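Got your viewer open? Let's take a walk through this one together, one selection at a time.

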Amino acid sequence: MYKVVEIFHSLQGEGFHTGTASVFVRFSGCNLSCAFCDTQHNAGTMMSLPAIVEQVMQYPDAPLIVLTGGEPTLQADEALIKALKLTGKRIAIETNGTQPIPAGIDWVTLSPKQGFPGGDAHPCMLTHCDELKVVYLGQDLSQYDHIHATHHFLQPCYSDDSNARQASIDATIAAVLRNPLWRLSLQTHRYLNIP
């Protein structure tokens with residue numbers, strides 16, 4: 001059994017796969033408590049593996065399954081990955097990197113949280129990923145130099161306050177201009193008002 005907050009069909013709103021039709025499996029629970037997180041970690045319903053696969057298959061045309069949370073590695077295991085592989089879809093995971101990644105994942109997005117209030121409860125163990133996606137709060141980017149990633153994204157920290165949001169966007173753009181290894185990632189789903 002797995003504790004799942006929701007399974008839904010939408011466009012990936014951020015990072016490398018922005019704009020890709022995806023089925024999101026949002027797991028409940030996280031081992032960190034970042035101050036900027038907007039996820040309800042205690043919500044969720046216990047679901048069996050067949051029930052998860054059945055809901056995912058309600059969207060047969062979506063080419064990508066995104067395992068997210070919370071922290072999906074606290075629940076996603078090899079049995080789940082094997083079952084999801086049978087759908088014929090690619091499987092991506094969005095992780096804080098504090099737990100091992102189950103075998104069979106096609107795309108790993110690492111979003112380390114060390115250095116953030118509430119993000120230091122467990123160290124980031126992951127040192128290889130397809131995509132390194134960092135929420136930018138003005139931190140020294142050299143702390144990520146040891147992580148081997150094919151793609152590097154800086155993402156402004158979203159705020160409901162329009163002035164704070166714009167200040168975060170401006171600071172992130174300036175950081176990308178100073179550090180061309182990094183590319184800008186925006187949470188486009190927020191601007192498009194989609195899940």
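Start by selecting Lys-85: this residue is partly exposed, with a relative accessible area of 34%. Keep in mind as you look that this is a predicted model. Now add Asp-106, which is also partly exposed, at 27%. The two form a salt bridge, with their closest N and O atoms 2.7 Å apart. Lys-85 sits in helix H2 (residues 78-85) and Asp-106 in the loop between S5 and S6, so this pair ties together parts that are 21 residues apart in sequence.

How many salt bridges does the structure hold? Three, so let's visit the others.

Select Lys-133 and Glu-14, whose side chains meet in a salt bridge (2.5 Å, N to O). Lys-133 belongs to strand S7 (residues 128-136), while Glu-14 is in the loop between S1 and S2, 119 residues away along the chain. Buried or exposed? Lys-133 is buried at 5% relative accessible area, and Glu-14 counts as buried too, at 11%.

Next, pick Glu-6 and Arg-26, a salt bridge with 3.1 Å between the closest N and O atoms. Glu-6 is in strand S1 and Arg-26 in strand S2, 20 residues apart.

Now switch to cartoon view and find the sheet. Nine strands make up an open, mixed sheet, ordered S3-S1-S2-S4-S5-S6-S7-S8-S9. S3 (45-47) and S9 (183-184) are at the edges with a single partner strand each, so one side of each has no neighbour in the sheet. Finish with helix H1 (residues 49-56), which packs on the sheet and touches S1, S2, S3 and S4.

How values were computed. Residues numbered from 1 in each chain as written. Predicted model: local features only at pLDDT ≥ 70, side-chain atom pairs only at ≥ 80, totals over all residues. Heavy atoms only, no water. Pairing = 2+ DSSP bridges. Helix = DSSP H or I, 4+ residues; strand = E, 2+ residues; numbered from the N terminus. Contact = heavy atoms within 4.5 Å. Axes fitted to C-alpha atoms, helices over the stretch in contact; angles between N-to-C directions. Salt bridge = Lys/Arg side-chain N within 4 Å of Asp/Glu carboxyl O. Buried < 20%, exposed > 50% of the residue type's maximum accessible area, 1.4 Å probe, protein only.
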